[in-house]
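Trainee: I would like to learn how to read a few features of a model, with the general idea set out before the particular case.

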Amino acid sequence: MADRQAHKRHRDRTLVGDLLLAGGGTALLVYVLLLVFAQPASGSRAPASAIQAGRVEDVLNRGRRRSESELFWNPLRRGDAVYDRDRIYAASGSAVLVQLEDRTRLTVEENSLVIVSRSGASGGQALAPVQIEVQRGAVAGTAGIGGATIRTRGAQVALASGSGARLRVRADHSTAIAAGPGQATVTSDDGTMSALQEGQLQEVSASGRASAARRFDIALASPAHHARRFFVRTTPAVEFAWSGCDEGSGGYRLDVSRDPDFSQIVHSVETIERRATLRGLPAGLCHWRVSRPQDDGECRSEERTLALVADEAPVMIQPRHGEIVYQPAGGAVPLVWSEVPGVLRYRIELRQAESIVAANEIEGTSYRLGELLAEGRFCAQVRSAEAERGESPWSSRVCFRVINKPLPRAPRLFDPRIEELVPDAGPRDARLGDLLWRLVGGVAHAEEIARRAIVLRWEAVPGVSDYVLDIAEDAAFKKIVVHTRVPHNYYRWAKLAKRTYYWRVKSVDAEGRESEFSEVRVISAVVGQPEPVGPRNGASFSLGDQPLRVTLRWSGSELVVQYDVEIARDAAFTDLVARARVRDALGHGFSPDRRGSYYWRVTGIDANGERTATSAAQRFDVEVGAPTPRRPLESENIEWGSDEPRVKLRWSERPVAHYEVQLGRSREFSKIGASHRSDRPVLTVKTLGMGRQFWRVRGVEPETAWSSVASFTVVPAAPPALATSSPATQPVAATQPVAATQPVATTQPASRPVASRTPEPAAHPPSLHAGPQAAFFYNLGQVITGRAGLELGYRLPPLDRRLGLTLGVSYFPSHATASDAGRTIEADSWLHAVPVELLALYFVPLGPIQLYGGLGPAVHLTYATVSLPSLPLQTQTGLTIGLELAAGVEWALGPGVLFGDLRYVLSTGNSGLVEINPGGLLVGIGYRFWIL
């Protein structure tokens, strides 16, 4: 009794533990799903407690933002809000300009990542101190009212109000600090503090050691830092100017590069002047600097950026070109166009003929023209109206029609129908082709063919006097076959369509005002070409004892009332052997009289007397069949008398030159006893002696198959009758019977099956288990990847639960392309990733299935390549380490189990040529095969 209670307590504790573990795993999974799917919309929503730090002033090309509570990056646009602790990223060839609430201005340069925060900010404190953390790349800023602090790994720069500086984090994590207007106080991590004046540069290593401050001997004059030049078709000429380095002699070198490291220099010019004009610069973001080569880099300038931006034209969205716009009294005409990135103001013009009716500059991408326009044709165009862009290009003109009185509406179309036409009362127009067919086919046509028509019907629209109907061969109505105007809401098309057509209708009122066309409907083909059914193409027939009759069969439309059948000896149908017209039938019999190939085809004639397309040609072959033995047959005997016996063989006649006859002792003709030739279907030959003999025959020229095997038996002749003195005595034929051997069947008693004992399965499976597994995982929107793995597990004896350790390895590639704003340079990138995971799993049985959950480390080995025109291939290897969570279910199936699970990877990303963040949700299914 005590053992039973102890066992019950142990079982209850086990159940409680399983429930707690399952509940915890479920709660963790729900939390992860909420993190993944419950993200705020791009660029708009933020948590209620978030404090706005500023707004995006402009975005060049591509920028992104992510808050602390989000897992995904959101694209940035001009005017988007920036919140406390937001991460701002500018992609390659891009830049993001941000203005904070205290008037601090930041420029996040390309391939840069910064965190914006307001230290100690709260809902009631509007202008808290600004802190900028540069995690990667470069940022230039000018402090606002309360000053600003810019932080990197090894240094901190404090800017007073109105002061500016540019910080750049190099690949070795050292920091280069260039001071701008005002004063910048630099505090390195080793405790060194220094004050930088405008034009000075200081470098701080990753460990926090600061170098001595030095001055830029060359001061850059123009273009200004982060200047932008807009162009329409080709990049403009840019004039660069600088000053400084008066001591010594020699010229200057101006370098322009696509990257801040100046490893992709696109222009390098040496000049003795302090200015240079460059043409043909590539579109996008450029970096430039000036130095004196003879000074070994001691006399140089700071680095600046210049953006050459293609000025795009907006696209008119509404009204559409050719649209009819209804503007009643008091109504407005809506004008809508697409947004040009970075543009807030636009100029819209409305013209009639060449006169400007309305011209306005507005903010936004829509405008409602409230002035009542007279009915007529108008054209609208729009362009950007930002002063820094100059004369931006106009959009394409969109012309539309304005009406003040509603047009009649388009009718609703009904399904086409086929109806019989009333025959004309006049004399019948006899056709020459019809007459020839009657003479050749010998067919008397007594009745007239009833003609049919496709009747198109549509809704009768009130107040409409006429309708315009179009029937075309294509849905775009470029090949119109019928264009007519009818006073009724129907049209009889005296044609039976043999292909698909399209039709539409529009209404016309008494004033001649036309509606828009109705929806486009389809007229399906009602008459198709015949389709051969039998015999199959290439079928073979034999000429035998009976006359050969080949039945040609086909399928056809119900509206086809007659068929013309052609049979020829060649595929081109130049050697016709038969021609027939078949009425109200789908077959025709033909009797070929000689061997060879025959070709046939069918053409239909519909109820209107029009011919359909001809069917595909079919072929059948006629061969000469094997002869049929006539005599002797199986039951005939040939007596052996005093002379050597002969036998007369007969067979059916075939259209061949001669015949070959064989005799043998076996039905299989393994050994030929004699072979003969004959020109006629009869032959007398010598036998092969006593006993049973077999014979067969075949035709030669053309050669046929062998006939069936026939036989005859040669027996001794009966002895002569003995003469006796008694007239009553009759001759007696003595025969010697042959003993027939009967088969003897021996029967043995069937043995009884011996019952075998199969050992019963053990009460518990072995404690150790192992086996390989294969699975496919889908990462919700990217790729499906296969994964191979191995599981080694152990069953806990007290709990009868399985613990598993799974090692999985997979591989997947990812490909992407990108181009700059002017689409002049294309970049091609490949990412190859090898995820390696090690999961510890715990299984809980639940009826016929098992639930499981687990976690473990996940490592992603990555290799990335980026190719650019005229540059060597750039490569990057990486390693990310994260945590993988799993929850799933498995079913026993065959020698293993089928499983499906959800997995989530929490992983840190890395960066370089490409951004790599392998974290995310995975859905998988696989099979685990037990070998132990």
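Trainee: Which residues form a nonpolar patch on the surface, and with about how much accessible area together?

Mentor: This is a predicted model, in which local features need pLDDT of at least 70 and side-chain atom pairs count only at pLDDT 80 or more, while totals for chains, interfaces and linings use all residues. Residues are numbered from 1 along each chain as its sequence is written, and side-chain values use heavy atoms, with hydrogens and water left out. A patch is made of residues with over 30% relative accessible area and no salt bridge (a side-chain nitrogen of Lys or Arg within 4 Å of a carboxyl oxygen of Asp or Glu), with like charges joined within 9 Å and nonpolar side chains (Val, Leu, Ile, Met, Phe, Trp, Tyr) within 5 Å. Here Phe776, Tyr778, Ile784, Val923 and Ile925 form such a nonpolar patch, with about 510 Å² of accessible area together, as computed by the Shrake-Rupley method with a 1.4 Å probe, only the protein chains shown counting as cover for residues.

Trainee: Which strands each supply at least two residues of the nonpolar patch?

Mentor: Strands are DSSP runs (E, at least two residues), numbered from the N terminus; β57 (768–778) and β65 (920–929) each supply at least two residues of the patch. Tyr778 lies in β57 and is partly exposed, with a relative accessible area of 37%, where buried means under 20%, exposed over 50%, and partly exposed in between (1.4 Å probe, protein chains only).

Trainee: How many disulfides does a search of the whole structure find?

Mentor: A disulfide is a covalent bond between the sulfur atoms of two cysteines, recognised here as a pair of cysteine sulfur atoms within 2.5 Å. The search of the whole structure finds one, formed by Cys379 and Cys399 with their sulfur atoms 2.0 Å apart. Cys379 lies in strand β32 (residues 376–384) and Cys399 in strand β33 (residues 398–403), so the pair ties together parts that are 20 residues apart in sequence. The torsion about their S-S bond is about 100°, so the disulfide is right-handed, and both Cys379 and Cys399 are buried.

Trainee: Where does pLDDT stay under 50?

Mentor: pLDDT is the predictor's confidence in each residue, from 0 to 100, and where it is low, the predicted coordinates should not be read in detail. It stays under 50 over residues 36–44 and over residues 424–448, whereas the protein chain averages 79, with 81% of the residues scoring at least 70.

Technical notes:
Helices (H or I, at least four residues) and strands (E, at least two) are DSSP runs, numbered from the N terminus. Contact means heavy atoms within 4.5 Å.
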